[in-house]
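Please look through the structure shown below before reading on. The paragraphs after it are intended as a guided reading.

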Amino acid sequence: MPFIDANDNLIPEELKTDICIIGAGAAGITLARNLKTVKDIILVESGNFEMSGASQSLYKGKNLALKYYDLLKCRLRYMGGTTNHWGGYCRSNDPIDYEGRAELGLPKWPISKDELTPYINLAKTELDLKYDFFENTELLKDKKISKEQLLENHHPDFQTKVFQITKKRRFREIYKHELQKQTNLQVLLNLNAIHIQLNEQGDNVKEIIFKTIKGKKILIKAKKFILSCHAIENARLLLKSNDVAKTGIGNTYDHLGRYFMEHIYLKASKLIPSDSFPKLYDFKELRDSKLNANLSFSDNYTRENQLLQYYCRFYPVYVEDKEKDSLRNIKRNINEPYKYELYNDIKNLVNNFNDVKNFLISQFGFYNPAPKYYQLDHRIEQAPNPDSRIILSNDKDLFGMPLADIQWKLTDHDYRSFKLGQAKIVKELSAMGAGRFELEELTPDLIRERIKGHYHHIGTTRMSNLEEDGVVDKNCKVHNVNNLYVAGSSTFPTAGYSGPTMMIIAMSIRLANHLSNDFLYGPKK
Ligand SMILES: Cc1cc2nc3c(=O)[nH]c(=O)nc-3n(C[C@H](O)[C@H](O)[C@H](O)COP(=O)(O)OP(=O)(O)OC[C@H]3O[C@@H](n4cnc5c(N)ncnc54)[C@H](O)[C@@H]3O)c2cc1C
């Protein structure tokens, strides 16, 4: 069916359907495409096919704790959602991610690795990824990288973790025609969910209230509803819909909006490499193969040392910022020879000729010359923290709905894992003669000052077996609400360190499968 602008006068003010999916990003589009056996689906999307300022403004919000990205810009509110930005880095969760480690506050996943593996394989196929994630030898064989080059074969505490980079990134373009042809599906554009209306008992969604920015109101009644509006917005809608359930839907035990996690990283310390530095771990080494190899620790080492998952990237540095500035200035001023600064910049480049030459060679991708040094880039999974959370703001959006502010906070486990992760890398690489380190101490102050996220929003509607421990059950259904489901990384109990999107796709295919079976055979007892 064609995409429909919800402002169209032919669209009635009340609609009925079997399944209503809210949000057409990675999760929502995957769900719609995989629910082909359900008779009637409506996929509702806040935006249109291009970004609009008015729709994007609904994502405003403040950062209340650690410095974070501008919430207005770090997710996208139009068809395809944040897949219009994503970088395509994929990796599936590691076995250790599912097991739960109480000493670090990491809950066990209600779904096992074996249960998810078939869906991860489907997601992998969906994204045209060729290799298994855990068999590095197989993965690297095509690139003529020998086992010898992997550090796990030299030290049992290491493990190489490889990301694959998909070319299938912009879901809005990739799936447009397929969605259009899907006869059981209507896609309503320019329509925003603003309130989830429960029945009086609070155990069923009666309808969801939607509005267009032009002011049209539409009610949708469905047998089942799925929220796939991305992590912060999923929590905002559930928290805000508090007329029947006074603290928000699915929030009897005060977990809703909590455990906001990112994949955090920070750059600190340098390694001046020797000839023994294992070149495979140079961040640029595998870029032509759409892969990158990261140096991490074995599950055993991670468990025994009570570490969060940690890995290190080695960023080659050829020139300092000053030389980069000179290159930029020369480009800008080349037609203005009377400018004195031009000659200063030329002098600076001539004085650092070799470094500049290597930098330019590396930029053009002919080959990777030896860098001056490697900048260490430390990355960890963030421990779930109830105080790291989404809070409804006193400020309102243009529908009068409270905006979502974010209070991003770390725990001592995060600080400790950064510190011990660096110490272990330095110890073992020094023992191997890989080079000389110039170290910075990873104090909590330095960490707070430098950390960044990857725009990966995780947690806020965590999955749990018991209602006491989370917001949704193992099938992503909100505990104690019969017909309301949540899709996306908001349901992940732990963040792991893999990019979330491939896991979002895997879990969305699983949810679509579960709901298709429900419609065909009735709910499983
Ligand atoms: C710069 C950048 C780089 C990234 N790189 C990577 C990467 O390399 N690897 C990786 O794994 N991940 C990456 N990500 C994260 C990735 O984009 C997200 O994980 C993914 O898009 C989330 O999918 P989603 O469906 O949950 O949300 P989205 O894709 O954001 O989709 C949510 C949809 O819901 C709609 N919506 C929201 N609220 C409402 C409402 N109230 N009513 C109706 N519709 C609504 C939105 O308009 C949007 O279309 C990156 C993100 C950014 C910003």
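The text that follows treats the domains, then the ligand, and then the empty spaces.

This is a predicted model. The protein is divided into two parts named domain 1 and domain 2. Domain 1 is assembled from several segments of the chain, namely 1–129, 168–262, 394–405 and 457–525, whereas domain 2 consists of residues 321–370. Between the C-alpha centres of domain 1 and domain 2 the distance is 47 Å.

We turn next to the ligand. There are 36 residues around the ligand, and those that come nearest are Ala27, Glu45, Thr82, Tyr89 and Thr501. Thr82 and Thr501 also have side chains with polar atoms close enough to be listed as contacts of the ligand. In the case of Thr82, an N or O atom of the side chain is 2.5 Å from an oxygen atom of the ligand. For Thr501, the distance from a polar side-chain atom to a nitrogen atom of the ligand is 2.8 Å. Glu233 likewise places a polar side-chain atom 3.4 Å from a nitrogen atom of the ligand. On its own, the ligand has 1,000 Å² of accessible area, and the protein covers 95% of this area.

Which elements supply at least two residues each to the shell around the ligand? They are helix H1 (26–33), strand E7 (192–198), helix H8 (231–240) and helix H15 (500–521). Of these, H15 gives the most, with three residues. Sorted by class, the shell contains 17 nonpolar, 16 polar and three charged residues.

The remaining topic is empty space. Rolling a probe the size of a water molecule over the atoms shows where such space is left. The second largest pocket holds about 300 Å³ of space. Its lining is made up of 15 residues, and Pro316, Val317, Val319, Asp321 and Lys324 are the ones nearest its centre. Strand E12 (310–317), helix H10 (321–333), helix H12 (353–364) and strand E13 (373–381) each contribute at least two residues to this lining. By class, the lining of the second largest pocket has seven nonpolar, three polar and five charged residues.

How many cavities of 30 Å³ or more does a search of the whole structure find? The search finds one. The largest cavity has a volume of about 60 Å³. Its lining is formed by Ile96, Asp97, Gly100, Arg101, Leu106, Pro107, Gln309, Glu381 and Thr494. These lining residues divide into three nonpolar, three polar and three charged.

Note on methods:
Residues numbered from 1 in each chain as written. Predicted model: local features only at pLDDT ≥ 70, side-chain atom pairs only at ≥ 80, totals over all residues. Heavy atoms only, no water. Domains from an automatic or database assignment. Near = heavy atom within 4 Å. Polar contact = N/O pair within 3.5 Å; in protein donor to acceptor, adjacent residues only side chain to side chain. Areas by Shrake-Rupley, 256 points an atom, 1.4 Å probe, with all protein chains shown as cover. Helix = DSSP H or I, 4+ residues; strand = E, 2+ residues; numbered from the N terminus. Nonpolar A, V, L, I, M, F, W, Y, C, P; charged D, E, K, R; others polar. 1 Å grid on protein atoms, 1.4 Å probe; cavity = no way out; pocket = protein on both sides within 12 Å on 5 of 7 lines; lining within 4 Å. Points joined across faces, edges and corners; volume = space filled by probe spheres on them.
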